[in-house]
Structure formats: structure tokens, C-alpha cells
Amino acid sequence: MNTDTLVLGSRDLTLRPWAAADAAVLPALMDEDALRRWTTHRVTDTAGAQRWIAEQNASQGTGERFCFAVVADGEVAGHLVLKRPGGTGPVAEVGYWIGAPARGRGLAARAVTLLTDWAFTTPALTRVELIHNVGNPASCRVAEKAGFALTEILPPLPGKPGEGHLHVRERVDPQGTSAHASTSSSSSGRNSAAT
């Protein structure tokens with residue numbers, strides 16, 4: 001699946017590949033306490049933003065990671081990623097962050113829903129997971145609004161504070177039944193709601 005030119009949209013929300021010009025806005029967007037607390041991203045200047053964008057775009061061709069800029073009303077508002085280990089399995093994980101100026105508008109839940117709906121057009125994919133730290137109730141609300149059910153409390157990982165929540169959304173076939181295959185939790189990254 002090639003996402004180099006893929007653009008997903010709904011009303012005032014667009015998911016598109018990261019562009020080199022986005023480096024100008026990333027340092028200010030990512031320089032805030034909540035993102036530092038819940039993500040591993042540390043972009044503090046334009047050069048760092050250019051490297052980060054190049055890393056996101058380099059992962060696109062593998063089929064294992066699909067990265068998007070979240071754009072609302074023409075402005076970059078955040079980041080969204082779909083991670084699918086091996087690129088062909090039945091389970092994927094979604095991660096995201098939304099910058100402070102765009103929070104409180106429902107963008108994260110709408111973006112996660114849009115990406116998950118698109119991901120389920122891939123026949124082999126039957127389950128998308130969203131994992132976040134229990135200390136991040138905003139991510140719990142995003143997961144619920146995007147149709148993800150809380151299915152498990154995960155133990156803390158080494159070097160990570162606190163337990164995690166595993167939220168799951170399964171593909172539903174046209175008859176309204178779950179397309180669930182025998183799958184296991186990918187749990188590939190803790191606090192992934194902000195990866």
C-alpha cells in the first residue's frame with residue numbers, strides 16, 4: 001500500500017503525507033509540556049523538524065508504518081501513524097498527537113476514525129489497537145469517541161511510568177458481525193497514542 005501521495009479528508013480535516021515545508025511549524029507545535037510528557041518526539045528547531053519529517057516519510061514505503069500530518073482548517077495540527085508489524089498481518093496499531101492550539105475540537109478522534117476506516121479497507125487487517133498510559137485520560141476519551149473499546153489494562157513496561165490501556169476496534173463486515181480473526185495484541189509500543 002503506497003501512501004506517498006495518499007490524502008484522506010473529511011469536512012475541515014485532512015490527513016496527508018508530511019511535507020518539507022511543515023518543518024517551519026513543527027518546533028512551536030511540539031514545544032509543550034503534554035507532548036513532552038506523552039511522546040518520545042523532541043523537535044526543538046527547524047533542522048530537527050526536517051530530520052523528523054524525513055524519518056516519517058522514509059517509513060512510508062515499507063507497508064509497516066503509514067504517517068500523516070493532521071491538517072485542520074489549512075494548518076498542521078498534529079501527527080497520525082498506523083503501525084503494522086510485518087506490513088501484512090491482521091493487527092495494526094494507531095498512534096497520534098495533536099498540538100495544544102488544536103486540542104478540544106475533536107480532531108484526534110476524527111483523525112483516528114478516518115485512518116482506521118481507511119485501514120480496514122485492507123482485507124487482511126481485522127483489528128486496530130490504540131495503547132496509551134492510564135495517566136492520559138484525554139487519550140482514553142479519543143479512543144472511545146473513535147469506537148475503540150477498552151479491553152485490557154497493561155502492566156508498566158520497563159522504563160515507562162504507569163500501566164497502559166489497550167483499546168481495540170475490530171473491522172465489522174457488511175452483515176454487522178466482527179471480522180475478528182484469532183489475533184493477539186501487538187502491544188508494540190507503550191503510550192502509542194502519542195507515538
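What span should the 13 residues of helix H3 (residues 46-58) have at 1.5 Å a residue, and how far apart are its end C-alpha atoms? The expected span is 18 Å, and the end C-alpha atoms are 18 Å apart, which agrees. This is a predicted model. An open sheet of eight strands and the helices H3 and H4 are the topics below.

**Helix H3**
- Gly-48, Ala-49, Trp-52, Ile-53 and Gln-56 are the buried residues here.
- Viewed down the H3 axis, the buried residues fall within an arc of 135°, so they line one face of the helix.
- Arg-51, Glu-55 and Ala-58 are exposed, on the face of H3 turned away from its buried side.
- The cover over the buried residues of H3 includes helix H1 (26-30), along with strands S3 (65-72), S4 (75-83) and S5 (91-98).

**The sheet**
- The strand order is S1-S2-S3-S4-S5-S6-S8-S7, and the pairing is mixed.
- Strands S1 (8-10) and S7 (149-154) stand at the edges; each has a single partner strand, so one side of each lacks a neighbour in the sheet.
- From one strand to the next, the twist averages 25°.
- Five bridges pair S7 with strand S8 (residues 164-170) in the antiparallel sense.
- Leu-150 has His-167, in S8, as its bridge partner.

**Strand S6**
- Seven of the seven residues of S6 are buried, so the strand is largely enclosed by the rest of the structure.
- Both of its faces are covered. On one side, Arg-127, Glu-129, Ile-131 and Asn-133 are buried. On the other, Val-128, Leu-130 and His-132 are buried.
- S6 pairs with S5 in the parallel sense, over three bridges. Glu-93 has Glu-129, in S6, as its bridge partner.
- The chain passes from S5 through H4 to S6, a β-α-β crossover that is right-handed.
- S6 and S8 run antiparallel and are joined by seven bridges. Val-128 stands opposite Arg-169 in S8.

**Helix H4**
- Helix H4 (residues 107-119) lies across S1, strand S2 (13-16), S3, S4, S5, strand S6 (127-133) and S8.
- H4 runs at about 40° to S4.

**The loop between S3 and S4**
- Asp-73 is found in this loop.
- Its phi is positive, about 50°, although Asp-73 is not a glycine. Most residues other than glycine have a negative phi.
- Is Asp-73 buried or exposed? Asp-73 has 54% relative accessibility, so it counts as exposed; the cut-off for exposed is over 50%.

How values were computed:
Residues numbered from 1 in each chain as written. Predicted model: local features only at pLDDT ≥ 70, side-chain atom pairs only at ≥ 80, totals over all residues. Heavy atoms only, no water. Helix = DSSP H or I, 4+ residues; strand = E, 2+ residues; numbered from the N terminus. Expected span 1.5 Å × (residues − 1). Buried < 20%, exposed > 50% of the residue type's maximum accessible area, 1.4 Å probe, protein only. Arc of directions from axis to C-beta. Contact = heavy atoms within 4.5 Å. Pairing = 2+ DSSP bridges. Axes fitted to C-alpha atoms, helices over the stretch in contact; angles between N-to-C directions. Right-handed = clockwise from strand over helix to strand, strands pointing away.
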